[in-house]
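Here are my notes for you, set out as numbered points. Keep the picture open while you read, and find each residue as it comes up.

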Amino acid sequence: MKIRRSCFPGVTVTMLLLVFHTANGQQTNWDSTARPDVYAPRVGLMKTFRHSRKDIVFLGNSITFWAEWSEFLENRHVKNRGIPGDNSFGVLERLGEVTNGKPAKIFVMIGINDLARNIPAEILLKNFQRIVRRIKTESPDTRIYLQTLLPTNDSFHKMTNHCNKDAVIRDVNLGLDQLAKDEKVSFVDLYSHFADEKGKLKKELTWDGVHLTAEGYLLWAAVLKRGKYLR
């Protein structure tokens, strides 16, 4: 799929089963309203948490959720706002819980569940733009870090809807790099550290082809520390 720089101003979380016409004339059905069962209770729980302007928020899906970030990064101000199964529309829907706290930093990784649900790369990148611009508007002193999507590995024969999207993942990451430049926010390249020579998620860093092992999270933390993104 080739990324075009077109805009989708009418895209909202109320859209249901929209149809996108791809370059080869095929149609892809996708649902922007789909939320995992855990979404509502997790958001409800997050709304009870205390906020601090010193917070460093990790915002994303299950890949973010399953990390003990404050321990990995040795920083008590790091807060986990990952929800398993979430996508970019879900992040937009719950973003106010994060921006209301006016955190110092927000690290965003979202998108693999969008691709698994056939949400086009163009829409995903547009949602990233909306996320960035909302953070800037709602919490203007917050520093924003766009983290690349990680590669996947189909050799585990699990998470089949998420795998075999290597080219699209690379295209999204290129789009994120450009978006970070355009919006003057930080771009964090995790992909190159996690991909093997074939562009697959390194086997030792995953247990199902998508989610990470302890070694994977330690590598992620090391990349952030070496890049001095937490200072």
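1. Let's begin with the lining of the largest cavity. Find Asn61 and Ile63, then the run Met109, Ile110, Gly111 and Ile112, then Leu149, Leu150, Pro151 and Thr152, and finally Val210; these residues line the largest cavity. Keep in mind that this is a predicted model.

2. What volume does the largest cavity have? About 50 Å³. Its lining is made up of eight nonpolar and three polar residues, with no charged ones. You can pick out Ile63 and Leu149 among the lining residues, and both Ile and Leu count as nonpolar.

3. How many cavities of 30 Å³ or more turn up when the whole structure is searched? Two. The second largest has a volume of about 40 Å³, and its lining is formed by His51, Asp55, Val57, Arg81, Glu97, Val98, Gly101 and Pro103. By class, that lining has three nonpolar, two polar and three charged residues. The charged class covers Asp, Glu, Lys and Arg, so look for Asp55, Arg81 and Glu97 here.

4. Now for the helices. Helix 6 covers residues 121–138 and helix 7 covers residues 166–183; their axes come within 10 Å and cross at roughly 30 degrees. Angles under 35 degrees count as roughly parallel, so helix 6 is roughly parallel to helix 7. The crossing of this pair is right-handed.

5. Which residues of helix 6 meet helix 7? On the helix 6 side, they are Ala121, Leu124, Leu125, Phe128, Gln129, Val132, Arg133 and Lys136. Their partners in helix 7 are Val168, Val172, Gly175, Leu176, Leu179 and Glu183. Sorted by class, this contact has nine nonpolar, two polar and three charged residues.

6. Next, try helix 1 (residues 39–46) and helix 4 (residues 88–99), whose axes come within 10 Å and cross at roughly 20 degrees. These two helices are therefore roughly parallel to each other, and helix 1 passes helix 4 in a right-handed crossing. Tyr39, Val43 and Met46 make the contact from helix 1, while Gly90, Glu93, Arg94 and Glu97 make it from helix 4. The classes here are three nonpolar, one polar and three charged. You've already met Glu97, by the way: it's in the lining of the second largest cavity.

7. Helix 4 also pairs up with helix 6: their axes come within 10 Å and cross at roughly 10 degrees. That angle makes helix 4 and helix 6 roughly parallel, too. From helix 4, Ser88, Phe89, Val91, Leu92, Leu95, Gly96 and Thr99 take part. Across from them in helix 6 sit Ile123, Leu124, Asn127, Arg130, Ile131, Arg134, Ile135 and Glu138. This contact has eight nonpolar, four polar and three charged residues.

8. One last thing to look for: Leu124 of helix 6. Leu124 is among the residues that meet helix 7, and Leu124 is also one of those that meet helix 4.

Notes: Residues are numbered from 1 along each chain as its sequence is written. This is a predicted model: local features need pLDDT of at least 70, side-chain atom pairs count only at pLDDT 80 or more; totals for chains, interfaces and linings use all residues. Side-chain values use heavy atoms; hydrogens and water are left out. On a 1 Å grid over the protein atoms alone, a cavity is a set of points where a 1.4 Å probe fits but cannot get out, and a pocket is an open set with protein on both sides within 12 Å along at least five of seven lines; lining residues have an atom within 4 Å of a point. Grid points are joined across faces, edges and corners, and a volume is the space filled by probe spheres set on the points. Axes are lines fitted to C-alpha atoms, for helices over the stretch in contact, and angles run from 0 to 180 degrees between N-to-C directions. Helices (H or I, at least four residues) and strands (E, at least two) are DSSP runs, numbered from the N terminus. Angles under 35 degrees count as roughly parallel, over 145 as roughly antiparallel, 65 to 115 as roughly perpendicular and the rest as oblique. A crossing is left-handed if the near helix is turned anticlockwise from the far one by less than a right angle, and right-handed if clockwise. Contact means heavy atoms within 4.5 Å.
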